[in-house]
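The exercises below concern the structure shown next. Each one sets a task and then works through the solution in steps.

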Amino acid sequence: MVTVKKSRRRKHIDYLQNCLIACIPVLGFLLFTLIPMFLSGYMSFLDLKSPLLEEGAWIGFANFHSILFGEYAPRFYRSFLNVFIFWLNVPLSMMLGIGISYILNTNVKGKKFFRLVYFIPYVCSLVAVVLMFQMMYETNYGILNTVLMRLGIEKIGWITTPGTFMWSAMFMQTWKNVGYCVILFSAAMANVDVNLYEACYLDGGSAGTAFRKITLPAISPITYYLLTVCTIGALQTMGEVQVLAAVNGNNALDGAHLTPVLLIYDMAFTFPSRYGFGVSAAASWILVLFILILTRISARFSKRWVHYEF
């Protein structure tokens with residue numbers, strides 16, 4: 001009888017311990033995601049110049065109107081244009097990733113070594129990568145302008161002029177993301193049934209035909225995953241351009257370095273007296289809704305080209 005009671009007590013203790021362990025991520029979600037979401041949603045309807053909610057005045061949808069159609073609209077839409085240029089790293093890194101993965105999945109010596117080399121930039125510190133590219137993009141002594149000067153071409157202010165800054169940031173991010181694409185595409189290509197290629201070649205198909213008809217459809221789920229995740233990451237980018245623009249001061253770029261998230265940060269913490277926390281919260285919710293709509297549209301169209309039966 002005593003043994004049965006001890007066994008039941010032990011089960012209750014184990015159950016309580018498991019519940020407490022399971023509640024840790026739920027508690028983290030409540031404290032750092034759900035509650036801040038509700039607070040930011042409430043703040044978006046306030047004229048709030050400080051983080052204290054009691055100092056805010058209810059103004060309804062005025063913040064949203066100011067961002068979409070009012071005085072803040074030009075700067076807000078400019079940030080979306082900038083982030084679209086930055087987003088071009090997504091298709092570029094994916095195309096490079098597919099090409100490199102296709103080569104590495106052939107009979108090439110040192111596959112693991114090359115995959116490691118390509119993946120290292122992705123796991124490197126963001127600040128370290130940006131500082132390295134700052135030295136490469138430096139106007140007077142950077143390696144890029146040094147090569148151009150040797151070729152008799154005038155120096156380019158890669159990160160000091162508004163017209164080239166975001167393109168420079170885009171190529172930097174491409175270099176950083178290629179390795180991630182290579183790892184995932186290599187794994188996807190390695191799982192393609194070899195018999196499909198043999199059947200294609202027996203029917204007279206070329207390597208290009210096999211790549212178009214077999215490889216690309218087979219890796220389409222990974223392609224869709226990378227396209228979705230990297231697009232969301234590009235729309236939320238902030239640190240890359242913020243550190244890259246700090247080399248010569250953000251004001252010199254005339255807003256060419258701004259992304260939606262960096263603009264939201266500036267609205268709340270850099271220029272609170274001009275914009276305020278209410279405007280910043282409203283801009284963040286507009287960005288959230290834009291990402292949700294874009295993701296939904298992508299999911300709808302993915303049914304036409306993503307194949308899971310391979």
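**Exercise 1.** Classify Ser302 as buried or exposed, place it in an element, and relate it to Pro221.

Solution. Step one: the relative accessibility of Ser302 is 8%. Step two: buried means under 20% relative accessible area, so Ser302 counts as buried at 8%. This is a predicted model, and the values are computed from it. Step three: Ser302 belongs to helix α14. Step four: Pro221 is 81 residues away from Ser302 in sequence, while the two C-alpha atoms are 9.0 Å apart in space.

**Exercise 2.** Describe the largest pocket by its volume, its lining and the elements that supply the lining.

Solution. Step one: the space in the largest pocket comes to about 460 Å³. Step two: 20 residues line the largest pocket, and those nearest its centre are Ser40, Ile264, Ser284, Trp285 and Val288. Step three: two or more lining residues come from each of the elements α1, α13 (260–270) and α14 (277–305). Step four: the greatest contribution to the lining of the largest pocket is that of α14, with 8 residues. Step five: by residue class, the lining of the largest pocket has 15 nonpolar residues, 5 polar ones and no charged ones.

**Exercise 3.** Which residues make the nonpolar surface patch, and how does Leu30 fit in?

Solution. Step one: the patch consists of Val26, Leu27, Phe29, Leu30, Leu31, Phe32, Ile35 and Leu39, and its area is about 760 Å². Step two: Leu30 is located in helix α1, which spans residues 2–43. Step three: the relative accessible area of Leu30 is 34%, so Leu30 is partly exposed. Step four: patch residues must have over 30% relative accessible area, and Leu30 has 34%.

**Exercise 4.** What is unusual about the backbone of Asp254, where does the residue lie, and is it buried or exposed?

Solution. Step one: phi of Asp254 is positive, about 55 degrees, although Asp254 is not a glycine. Step two: Asp254 sits in the loop between α12 (239–245) and α13. Step three: exposed means over 50% relative accessible area, so Asp254 counts as exposed with its relative accessibility of 56%.

**Exercise 5.** For Gly142, Phe76 and Gln173, find the element or loop, the burial class and one C-alpha distance for each.

Solution. Step one, Gly142: the loop between α6 (126–137) and α7 (143–150) holds Gly142. Its relative accessibility is 0%, so Gly142 counts as buried. From Gly142 to Glu309 there are 167 residues in sequence and 49 Å in space, C-alpha to C-alpha.

Step two, Phe76: this residue is in helix α3, residues 73–87. With 1% relative accessibility, Phe76 counts as buried. The C-alpha atoms of Phe76 and Pro217 are separated by 38 Å, and the two residues are 141 residues apart along the chain.

Step three, Gln173: helix α8, residues 162–190, contains Gln173. The value here is 8% relative accessibility, so Gln173 counts as buried. Between the C-alpha atoms of Gln173 and Lys303 the separation is 29 Å, with their positions 130 residues apart along the chain.

Key
Residues are numbered from 1 along each chain as its sequence is written. This is a predicted model: local features need pLDDT of at least 70, side-chain atom pairs count only at pLDDT 80 or more; totals for chains, interfaces and linings use all residues. Side-chain values use heavy atoms; hydrogens and water are left out. Patches are made of residues with over 30% relative accessible area and no salt bridge: like charges are joined within 9 Å, nonpolar side chains (Val, Leu, Ile, Met, Phe, Trp, Tyr) within 5 Å. Accessible areas come from the Shrake-Rupley method with a 1.4 Å probe; for residues, only the protein chains shown count as cover. A salt bridge is a side-chain nitrogen of Lys or Arg within 4 Å of a carboxyl oxygen of Asp or Glu. Helices (H or I, at least four residues) and strands (E, at least two) are DSSP runs, numbered from the N terminus. Buried means under 20% relative accessible area, exposed over 50%, partly exposed in between (1.4 Å probe, protein chains only). On a 1 Å grid over the protein atoms alone, a cavity is a set of points where a 1.4 Å probe fits but cannot get out, and a pocket is an open set with protein on both sides within 12 Å along at least five of seven lines; lining residues have an atom within 4 Å of a point. Grid points are joined across faces, edges and corners, and a volume is the space filled by probe spheres set on the points. Ala, Val, Leu, Ile, Met, Phe, Trp, Tyr, Cys and Pro count as nonpolar, Asp, Glu, Lys and Arg as charged, and the others, Gly among them, as polar.
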